[in-house]
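Subject: Structure for you to look at

Hello,

Please find the sequence and the structure below. My notes on what was found follow after them.

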Amino acid sequence: AQERYASIRDVPAITTCGTRMTLTMNAGLMADLPSLENSGAEGVGLFRTELQFLVRNQMPKRSELSSLYAHVLNSAKGKRVVFRTLDIGSDKVLSYMKPNDEPNPALGWRAIRVGLDKPGVLRMQLQALIRAADGRPLSVMFPFVAQYEEYQAARAEMDKAMERERILGHPVPSSLEVGAMLETPSLAFAPKRFFQEVDFLSIGGNDLKQFFFAADRENERVRRRYDTLNVSFLSFLTNIVERCAETGTPLSFCGEDAGRPLEAVCLAAMGLRALSMRPASIGPVKSLLLRTDLAQLRAVIDEASERGEQSVRRAVLDHLRSTT
Ligand code: PEP
Ligand code: MG
């Protein structure tokens, strides 16, 4: 399938209305790295660092992590890589950590909540990332941030780690960006100060959708019940886009929907300009973007919404079939 899209691999993703989209890939294992070359990804928009913890049966050492991350940065050859700090808990359980007996793990002690309450591992990871960067630019983001204060506390850990490395005489990154995943609805309503302070945001659509509709992403019975192209969800996404535009906060979308062509063009029509997805999705998504007029598509979405349709999928499909 990759070959089918080889001819557009190095073509920038520009829609017929002239909008430039940035398409990056999601990764987490060393085996994903060759895709950076052959998928046409402009970088790694989401590096899920927990996968390296999940494939082991004991806690990795700082030096091991540091060489792993250095390998990722070397393979990226200067392309941007966004490292997401450990996102464990809920569906991702480490065999060497005492399991929590929680009635609702998805709403429980997970991700940055663990990172802030027991900061040992987070500190080790931040130090490993700084060392791996070895004077190169570094981008880090924190998962599952639900309120401004959590971002501030996590960022303070980053600042402390930088200071410690400086004192030890190690090279620090030439530039540092510290972002957050927007995957709990509450964060979309954080104070304006948060949007001004955070270096970038990435919408974790998988979790954001699960919490928006209160429908477990792991539960087959309800997981497909609510459409991503549901007008309520699209309107919520538009709010986020507008809040970010107001403060000039760079925004991307890295949930699975970014890799589905129909969903991806709708995300673009709602104002998203950066999408991160499985490497194999870059070709198909780019191919459709290259044939889409976002302004026209947005009009179709708005009209369907005004007619009172629950999901704009039907209208969008009909429109794309007749125009692309
Ligand atoms: C998400 O929630 O959309 C996301 C990208 O993170 P994960 O799927 O790893 O929870
Ligand atoms: Mg998530």
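Is Lys77 buried or exposed? Lys77 is exposed, because only 8 other C-beta atoms lie within 10 Å, and 12 or fewer counts as exposed. Please keep in mind that this is a predicted model.

Lys77 comes up because of its backbone: phi is positive there, at about 45 degrees, although the residue is not a glycine. Lys77 sits in the loop that runs between helix H3 (62-76) and strand S4 (80-84).

Ala111 is another non-glycine residue with a positive phi, in this case about 50 degrees. Its place is in the loop between S4 and helix H4 (112-117). Strand S4 therefore has one of these two residues in the loop on either side. The surroundings of Ala111 are another matter: Ala111 is buried, because 28 other C-beta atoms lie within 10 Å, and 20 or more is the cut-off for buried.

As for the chain as a whole, the protein has 15 helices and nine strands. The C-alpha atoms fill a box of roughly 60 × 45 × 35 Å along the principal axes. The radius of gyration is 20 Å, which agrees with a compact globule, because a chain of 324 residues folded that way would have a value near 20 Å. Of the 324 residues, 40% count as buried, Ala111 being one of the buried residues. Among contacts between residues at least 6 apart in sequence, 69% join residues at least 24 apart.

Regards

Definitions and conventions:
Residues are numbered from 1 along each chain as its sequence is written. Chains are lettered from A and ligands numbered from 1 in the order in which they are written. This is a predicted model: local features need pLDDT of at least 70, side-chain atom pairs count only at pLDDT 80 or more; totals for chains, interfaces and linings use all residues. Helices (H or I, at least four residues) and strands (E, at least two) are DSSP runs, numbered from the N terminus. The radius of gyration is taken over C-alpha atoms; the globule rule is 2.2 Å times the number of residues to the power 0.38. Two residues are in contact if their C-beta atoms, placed from the backbone, lie within 7 Å.
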